[in-house]
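Open the structure in your viewer and keep the selection tool at hand. We will go stop by stop.

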Amino acid sequence: MNNEQEVLSIENVSVSYPTTEGWVQAVRDVSLCVNKGQLVGLAGESGSGKSTLVLAATRVLSPPTVRVEGKVEISGRKVLDISKKELRMMRWKTFSFVTQSAMNALNPVLRIRTQMHDAIRAHVPKYSRAEADARCAEVLRIVELSTSKLDSYPHQLSGGQRQRIVIALALLLEPELIIMDEPTTALDVVAQREIIALIRRLQRELGFAVLLITHDLSLLLEVADEVVVLYGGRVMESGPAYELLREARHPYSKALVQSFPPLHGPVVRQEGIPGTPPNMLHPPAGCPFADRCSVAIERCHLDMPRLVQTGQRSIACHVQANLSGTEVERT
Amino acid sequence: MYVLKRAVFYLSIFWAAITLNFLLPRMMPGNAATAVMARAQGQMSPQALKALEIAFGVSSNQPLWHQYLAYLWNTLRGHFGISFTYFPEPVSQVIASTLPWTLFLIGSATIISFVIGTGLGVLSAWRRGRKVADAIPVAFTLIASMPYFWVALALLYVLGFVLGWFPIAHSFSDEQSPGFNLQTIGSVLYHAALPIASLVVTSLGGWMLGMRNNLISVLSEDYITLAQMKGLPEREVVTNYATRNAMLPQITSFAMSLGFVVGGAVVTEIVFSYPGIGYALYQAVTNSDYPLMQAIFLIIVTAVLIANFLIDILYSRLDPRVSN
């Protein structure tokens, strides 16, 4: 499956947390890949394991906090196997992050300039103050902020400005991949839209790849190239965004899409998804969604459906598999 | 602007403190002068009482506001009256001869303890999960829970008296002619070693645990994770990101304890017979030496205020959120 186009490839990755009652598997056997310049979305509700998957795959979470199995490659390097020092050198230069809460992602006692300079100094061998300053000013212009913000402290900036600073920080060393973990959660709806539009524009202009983690599937379907829907630590459905937008097939992604109101058209009563996600301490034997699924058959409660590829998309569902004719097992 | 505001704030507190210092003795039955008369058991003439009243500024036939103004004027000039523990030395002289010793002894003990304790706290929090780092808090909680006077006496008895490695009293050797030379300095350090050690050993745990707790809570902040994601060298994450933020509450405690340095460790100076201001305070209390007590209280208040003022200024440099 390796090819030069892949910036990030996650293969059969499982992640477990230790608890007093033993290991809890938060992510089970998940595979996904991000190609150069692509925007791939990872969707799922709280507790579906989406952040855990990405943080463990990039070793932000590491033993003894978690146990990770599987294979992860970023720009052709096996991230789970390299030394700590190699990993440190790769970080920010090859892949950077935009974290969940930009509100707290910046050090309150250092100026923005200092927090950008230290990242440059850690990775650029011939660090010069003037060049670093020029680069800082450039990324601030890219995210449409005045360069005077470089001398601000985080508390002097608004939430939207801080989020832009964090994005600017992620662009600093021109990485191939930027991992964005709910980059808009802390913002109001208008600021959210602005930030998403900004990310999309920059991604097209500068050509980096993005792995966007969010619970907002409807937003993802608008902006992403590929979408992976996670539930109970497993991939439920994945495929091109336009395909899923046209027709989400898995009962879970269907329900997720339907829980967001359309902006136009008559007012209709919204259907939520009844029930709560499964307790991962005692995961169900069958499909994790079976208890909340409106079309579940007996088999769904007994064994876990395999992820089956049909055309460009993959679905893990017994009911759907019976409906579609051609089945190609994904390896 | 910020500094000016703080200065006005502290000046008004200072005024309140010296006013209280003036009022408190006057609210007690009798006054300092009659207390001295009583101690003299009729061997002083009534003229002496008059003289004492004037010297203490407690003359009962003057209106209170008049006494108050005189007190303020005297205080500002450093005229605190005459101590009768060290009669006839003026109080200002007693303080001038004892305060430097206390500043040196308790000051250096506080600084040493703060630096080592904070360093150990950083170490034990950052290396959490490793054996040595996890043993540090346990060991120091144990030591910190021993009563101070007991530790001081044990050190004095074993190292000073039984083994004879350290002197058991005074601030420098009798054979030393006081003067600023290497030998005197050596002798002073030698005499200070045991009291400083006793203070450091017992207070280290507090600094260590405080810093450890601060750092552990800072380590769960998102900016620490982001700093690690940025691939910064570990040393930089610990210093600029973790410690810089965890130090803020620690500095407040440091300011408080620096202020209390002047009050001296009364127990330390008694146990080690050290000629500091704590020892003088003890003497003043046992001899009802009101002028000396009042002056020492005033100095303690002043020191606490000055320390807090300096820390406020320093704090505004360390934490940009404060000055806004």
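**Stop 1: a helix in chain B and what follows**

Start at G164(B), the glycine that follows α7(B); its phi is positive, near 70°. Keep in mind that this is a predicted model.

Now step back and select helix α7 of chain B, residues 148-162. How far apart should the ends of its 15 residues be? The expected span is 1.5 Å times one less than the number of residues, so the helix should cover 21 Å. Check the end C-alpha atoms: they are 20 Å apart, which agrees.

Which residues of α7(B) are buried? Select A152(B), L155(B) and L156(B). Next, show their surroundings. The buried residues of α7(B) pack against two other helices of chain B, α8 (182-219) and α11 (266-271).

**Stop 2: the start of chain B**

Select V3(B), which lies in helix α1 (residues 2-27) of chain B. Is V3(B) buried or exposed? Count the C-beta neighbours inside 10 Å: there are 12, so V3(B) counts as exposed. A residue with 12 or fewer falls in that class.

Now add A280(B) to the selection. V3(B) and A280(B) are 277 residues apart in sequence. In space, 35 Å separate their C-alpha atoms.

**Stop 3: where the chains touch**

Colour chain A and chain B separately. The contact takes 21 residues from chain A and 19 residues from chain B. On the chain A side, select α2 (84-90), α3 (102-105) and α4 (112-123), the elements that each give two or more residues. Which of them gives the largest share? Pick α4(A), with 4 residues. Then colour this side of chain A by residue class: 12 are nonpolar, 6 polar and 3 charged.

**Stop 4: two domains in chain A**

Hide chain B. Select domain 1 of chain A, made of 6-94 and 175-266. Give domain 2, residues 105-173, another colour. The centres of the two domains, taken over C-alpha atoms, are 25 Å apart. Where they meet, domain 1 gives 12 residues and domain 2 gives 10.

Which element gives the most to the domain 1 side of this contact? Select helix α7 of chain A, residues 189-206, which gives 5 residues. Finish by colouring that side by class. It has 11 nonpolar residues, 1 charged residue and no polar ones.

How values were computed. Residues numbered from 1 in each chain as written. Chains lettered and ligands numbered in written order. Predicted model: local features only at pLDDT ≥ 70, side-chain atom pairs only at ≥ 80, totals over all residues. Domains from an automatic or database assignment. Contact = placed C-beta atoms within 7 Å. Nonpolar A, V, L, I, M, F, W, Y, C, P; charged D, E, K, R; others polar. Buried ≥ 20, exposed ≤ 12 C-beta atoms within 10 Å, placed from the backbone.
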